[in-house]
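Student: Could we slow down and take a close look at one part of this protein? I'd like to follow a single spot first and then see what else is going on in the fold.

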Amino acid sequence: MGFFYSLLSSAAFGLIPLFSLPLMAQGLSPATVLFYRFFIATVVLGLFLIARGERFHTSGRNLLKLAGMSLMYTLAALLFIEAFTHLPSGVVATLQFSYPVMVMLIMIAFFHERFSWITAVAVVLAIAGVYLISNGTPAGGSSAGSATGINAFGLMLALSSAVCNAIYITSIYAARITNVTGLMLTFYVMAFGALCSLVNSLAFGSFQLLSSWKELALALLLAVITAVVSNYTLILAVQRIGSTLTSVLGVLEPVTAVIVGILVFSEPFSLPLLLGIVLIAASVVLIMLGGHIRLLLARRKAAKLDIPPSN
């Protein structure tokens, strides 16, 4: 069940383009789309937590930490969806998926994590993957058609989203928030995210009310599947198979987005794009399994030292 929950979680995250792109095609701004995703998810999670009998109370210090983390999470999500208008959604999801490599680099730079050959190889693979995607991806969003050349601004948005997500992940470690369950933390992040998105859309005059049952259905599916189901199954997966395996199986997220982009939105596909996706996925998997690889190599080295010399 742990593997099932992990695959379900990553696939659900990968469906963000499936529901957000049609909403944006209806004229809703990225900030408005995010507001409905976060707001509906907050309501659903709140009802779920009430049904479980969990308390919402936490300290003021924790709330300040959660607010700061949520700001970075919201910025990552906004850049992610904004990039859809400049690059195929599958490409955006793949580039954003490079965030674990960035997390490792942040941990090395600011939290004294050890730089190893595994990290170096992962960084090289990630850079090579981005290079291949940059040279094998048509410009424009999901309706780009046969346009040629990478959209540099879209590339910057997608990679900036990955950086913001990496900072958010790192802040969870650095903040050391106590007495808050994973599901409750998700609730507060979604709640603050909804507030930030609402303020952003109102400030720029882009906020729009849902004007049809179709838009409401898309907003509900976006919130429930890509926010509630994805985060809850992620927690269930970590509880059963651990964070490392769960993270590795998260490679299904960009794969799902690429498949949706090709089948639903007729996004272009090429061999360099495929190789770029494979290299970025490999770099992430290498980062996730780095500790296990080092442990395995150390055991083999120790075993060789214990072997008596042959006659």
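Student: Is Thr226 buried or exposed, and what is its relative accessible area?

Tutor: Happy to. Keep in mind that this is a predicted model. Thr226 has a relative accessible area of 0%, and the cut-off for buried is under 20%, so Thr226 counts as buried. To find Thr226, go to helix 10, which covers residues 213-249.

Now look at the side chain. A polar atom of the Thr226 side chain lies 2.3 Å from the backbone oxygen of Leu222. If you skip the neighbours within four places in sequence, Thr226 touches Ala12, Phe13, Leu15, Ile16, Phe19, Arg37 and Leu221.

Next, move along to Ser230, also a residue of helix 10. Ser230 is linked to the residue you asked about: the backbone oxygen of Thr226 lies 2.7 Å from a polar atom of the Ser230 side chain. So Thr226 shows up in two of these pairs, with its side chain in the one with Leu222 and with its backbone oxygen in the one with Ser230. The relative accessible area of Ser230 is 0%, so Ser230 is buried. Again leaving out neighbours within four places, Ser230 is in contact with Ser9, Ala12, Phe13 and Ile225. You've met Ala12 and Phe13 already, in the list for Thr226.

Let's zoom out to how some helices pack. Helix 3 (residues 30-51) and helix 9 (residues 182-203) have axes 8 Å apart and meet at an angle of about 150°. Over 145 degrees counts as roughly antiparallel, so that is how helix 3 runs relative to helix 9. The crossing of helix 3 with helix 9 is left-handed. On the helix 3 side, the residues that meet helix 9 include Phe35, Phe38 and Phe39, and on the helix 9 side they include Phe187, Met190 and Ala191. Sorted by class, this contact has 16 nonpolar, 8 polar and no charged residues.

Helix 4 (residues 60-83) and helix 8 (residues 152-175) give you another pair to look at, with an angle of about 160° and axes 8 Å apart. That angle makes helix 4 roughly antiparallel to helix 8. Helix 4 passes helix 8 in a left-handed crossing too. Among the residues making the contact are Met69, Met72 and Tyr73 of helix 4, and Leu157, Cys164 and Tyr168 of helix 8. Here the classes come out as 15 nonpolar, 5 polar and 2 charged. Lys65 and Glu82 of helix 4 are in that contact as well, and both Lys and Glu count as charged.

While you're on helix 8, find Met156. Met156 has a relative accessible area of 45%, so Met156 is partly exposed. Met156 and Leu28 are 128 residues apart in sequence, and their C-alpha atoms are 22 Å apart in space.

Finally, try Met102 in helix 6, which spans residues 99-110. With a relative accessible area of 18%, Met102 is buried, since the cut-off is under 20%. Beyond the neighbours within four places in sequence, Met102 is in contact with Leu159, Ala162, Val163 and Ala166. Take Ala162 as an example: Met102 and Ala162 are 60 residues apart along the chain, yet 7.6 Å separates their C-alpha atoms.

Technical notes: Residues numbered from 1 in each chain as written. Predicted model: local features only at pLDDT ≥ 70, side-chain atom pairs only at ≥ 80, totals over all residues. Heavy atoms only, no water. Helix = DSSP H or I, 4+ residues; strand = E, 2+ residues; numbered from the N terminus. Buried < 20%, exposed > 50% of the residue type's maximum accessible area, 1.4 Å probe, protein only. Polar contact = N/O pair within 3.5 Å; in protein donor to acceptor, adjacent residues only side chain to side chain. Contact = heavy atoms within 4.5 Å. Axes fitted to C-alpha atoms, helices over the stretch in contact; angles between N-to-C directions. Parallel < 35°, antiparallel > 145°, perpendicular 65-115°, else oblique. Left-handed = near helix turned anticlockwise from the far one by under 90°.
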